[in-house]
Amino acid sequence: MAATRPLTVIDVYERFVKGKKVPENEWDYTIIPQNLTALKEKYKLKFEPGQSVPEDNETKNALFQAGLEMLSTVGFYCQDLGRVMHVTEEEIWEGIKKTPKKLILGEGRDIARFYPRHGNSPVKPIIQGGPTGSPVSEEMFIKIMQSYAQEAVVDDLVDGVMDTVEGKKAKSGTPYEIRATMQELRMTKEARTRAGRPGLGV
Amino acid sequence: MSASMVNNGLRSCDCHECSQMNELKVNTSFMNMIAGWHLSGDTIMIEQMPIMGGYVSSVEETAICDVAATLASFVLYNCDIHLDGPVHIRWGNTSNRECLQVAAHAARALDANTDVLLANQYYTIAGPCTEMCLLEVAAQAIVDTVSGRELLSGVAPGKGVLQDRATGLEARMLGEASSAACGMSIEAANGIVDNILHRYELNYHHAPMGKKFQECYNLDTLRPSQEYLDIYENAMHTISLCGMDF
């Protein structure tokens, strides 16, 4: 049956609220592994040793069908509601149609513009440089971020996580977490400005 | 919340990033963030790092899970880019043989059947200022590039848990290896990646922690040390011996 429209996160929340209650450990230890094993067998998936990247079309298409079926038959779990929501295959395809096919990160002369790279396109992927969530001290934060922003191959930035803010631990769920995030963003802005690329995306 | 504040918060053209939970799980806090960003027209990047050897065992099962989680990011949670990162439960890096295979198979499956924008992130087991770290980065960059990913994000050396052990030179290797792999045949890429993997995958038990940023760069000029530049050159030479034409 055709999908009425692509889903929004609000629709998804509504489905979770009305979804079936399932204990989290049953989801983790039974539902997920059993269904993945069944789909692996159904689609006869066996990756070739020595082939990091698949060289045949059959494997990648079978894997896609298995992933699609996993999402459409097993659904998704919401931890704090303890419930499962479901989505149809038609809704998945409708949602894929709605996804952006191109995107711009950053602003001004420092934008990173990218398009889908089907297969091994000769176009270089966007390089998002940064410590990718690694812990960074307050003292070194700007300098470390500047070391990425000044690299010619870097098109966009990803920041590290500041351990402390003004000497206090940036503990999750406390006001210090908010303060540390704000400071990270201010310092990242300073780093890209010092590198002469103030418009770089983050 | 702080990321969206008007003064010094993220711009709409920055990636507003949040993460699914392992495996195929979220919570309401995740959905609240997405709702705010989506209604504000912000760029949304959703992260999910399937754990190889956690609730899921084989490479094939982890890859199925990876495809399902990626589709969910777009279809259920309205993201613009999905940030992948299959990670090994024992080694904690994304650059091991099994996780490279998972990421590449998932990306090729999605690339062949959709137009969605795919990213991957880099966690090496070795720290900065070591050849092993740079080899790990290069192997993954080749795999991600030939499997059609649009954005490569990194690097978090030393599994991303060591303070101040990250520098711009690892990102330079990421970009240079990716550029060199653009347009390469998959068969050639597999051969080169296999050669590079053989150079580091037996060293996981004794992976070097490397050096802190303060020891890798001159803090006044912000230029990398001669020691690190030499290591970088040696790594490029090693990768060339493995078959890569820079």
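Two strands are taken to pair if DSSP finds at least two bridges between them. The model described here is predicted, and this criterion underlies the account of its sheets, two of which draw strands from both chain A and chain B.

The domain assignment of chain A gives domain 1, covering 9-97, and domain 2, covering 104-194. The C-alpha centres of domain 1 and domain 2 of chain A are 32 Å apart.

Contact between the chains involves 95 residues of chain A and 100 residues of chain B. On the side of chain A that touches chain B, helix 3 (residues 57-74) of chain A gives the most, with 10 residues. The residues on that side of chain A comprise 51 nonpolar, 28 polar and 16 charged.

One of the sheets is open and has 4 strands, in the order 1(A)-3(A)-2(A)-2(B), with mixed pairing. Its edges are strand 1 (20-21) of chain A and strand 2 of chain B, each of which pairs on one side only. Within chain A, strand 2 and strand 3 (residues 83-85) pair in the antiparallel sense over 3 bridges. In this pairing A:F76 stands opposite A:M85, which belongs to strand 3 of chain A. Across the chains, strand 2 (residues 76-78) of chain A and strand 2 (residues 25-26) of chain B pair in the parallel sense over 2 bridges. Here A:Y77 has B:K25, in strand 2 of chain B, as its bridge partner.

The loop between strand 1 and strand 2 of chain B contains B:E23. The peptide bond joining B:N22 and B:E23 is cis, with omega about -20 degrees. Most residues other than glycine have a negative phi, and most peptide bonds are trans.

Another open sheet is formed by 7 strands in the order 8(A)-6(A)-8(B)-7(B)-5(B)-3(B)-1(B), and its pairing is parallel. Strand 8 of chain A and strand 1 (15-19) of chain B are the edge strands, each pairing on one side only. In the order of this sheet, strand 8 of chain B stands between strand 6 of chain A and strand 7 of chain B. Strand 6 (residues 126-129) of chain A pairs with strand 8 of chain B in the parallel sense over 4 bridges. Within this pairing, A:I127 has B:L152 as its bridge partner, and A:G129 stands opposite B:G154. On the chain B side, strand 7 (residues 117-123) and strand 8 also pair in the parallel sense over 4 bridges. The bridge partner of B:A119 in strand 8 of chain B is B:L151. Strand 7, helix 4 (residues 131-146) and strand 8 of chain B together make a right-handed β-α-β unit.

Of the 6 residues of strand 8 (residues 151-156) of chain B, 6 are buried, so this strand is largely enclosed by the rest of the structure. Strand 8 of chain B also contains B:V155. A cis peptide bond, with omega about 25 degrees, joins B:G154 and B:V155.

Positive phi values occur at two residues of chain B that are not glycine. B:D164 has a phi near 65 degrees. B:D164 is placed in the loop between strand 8 and helix 5 (168-181) of chain B. With 24 other C-beta atoms within 10 Å, where 20 or more are required, B:D164 is classed as buried. B:L222 has a phi of about 55 degrees and lies in the loop between helix 7 (213-216) and helix 8 (226-241) of chain B. B:L222 is partly exposed, having 16 other C-beta atoms within 10 Å.

In chain A, helix 6 (residues 175-194) has 20 residues. From its first C-alpha to its last, helix 6 of chain A reaches 29 Å, close to the 28 Å expected at 1.5 Å a residue. The buried residues of helix 6 of chain A are A:A180, A:T181, A:E184, A:L185, A:M187, A:T188, A:A191 and A:R192. These buried residues pack against helix 5 (141-149), strand 8 (156-157), strand 9 (161-162) and strand 10 (164-165) of chain A. Helix 6 of chain A is followed by A:G196, which has a positive phi near 80 degrees.

Note on methods:
Residues are numbered from 1 along each chain as its sequence is written. Chains are lettered from A and ligands numbered from 1 in the order in which they are written. This is a predicted model: local features need pLDDT of at least 70, side-chain atom pairs count only at pLDDT 80 or more; totals for chains, interfaces and linings use all residues. The expected span of a helix is 1.5 Å times one less than its number of residues. A residue is buried if 20 or more other C-beta atoms lie within 10 Å of its own, exposed if 12 or fewer, and partly exposed in between; C-beta atoms are placed from the backbone. Two residues are in contact if their C-beta atoms, placed from the backbone, lie within 7 Å. Ala, Val, Leu, Ile, Met, Phe, Trp, Tyr, Cys and Pro count as nonpolar, Asp, Glu, Lys and Arg as charged, and the others, Gly among them, as polar. A crossover is right-handed if, with the strands pointing away from the viewer, the path from the first strand over the helix to the second runs clockwise. Domain bounds come from an automatic or database domain assignment.
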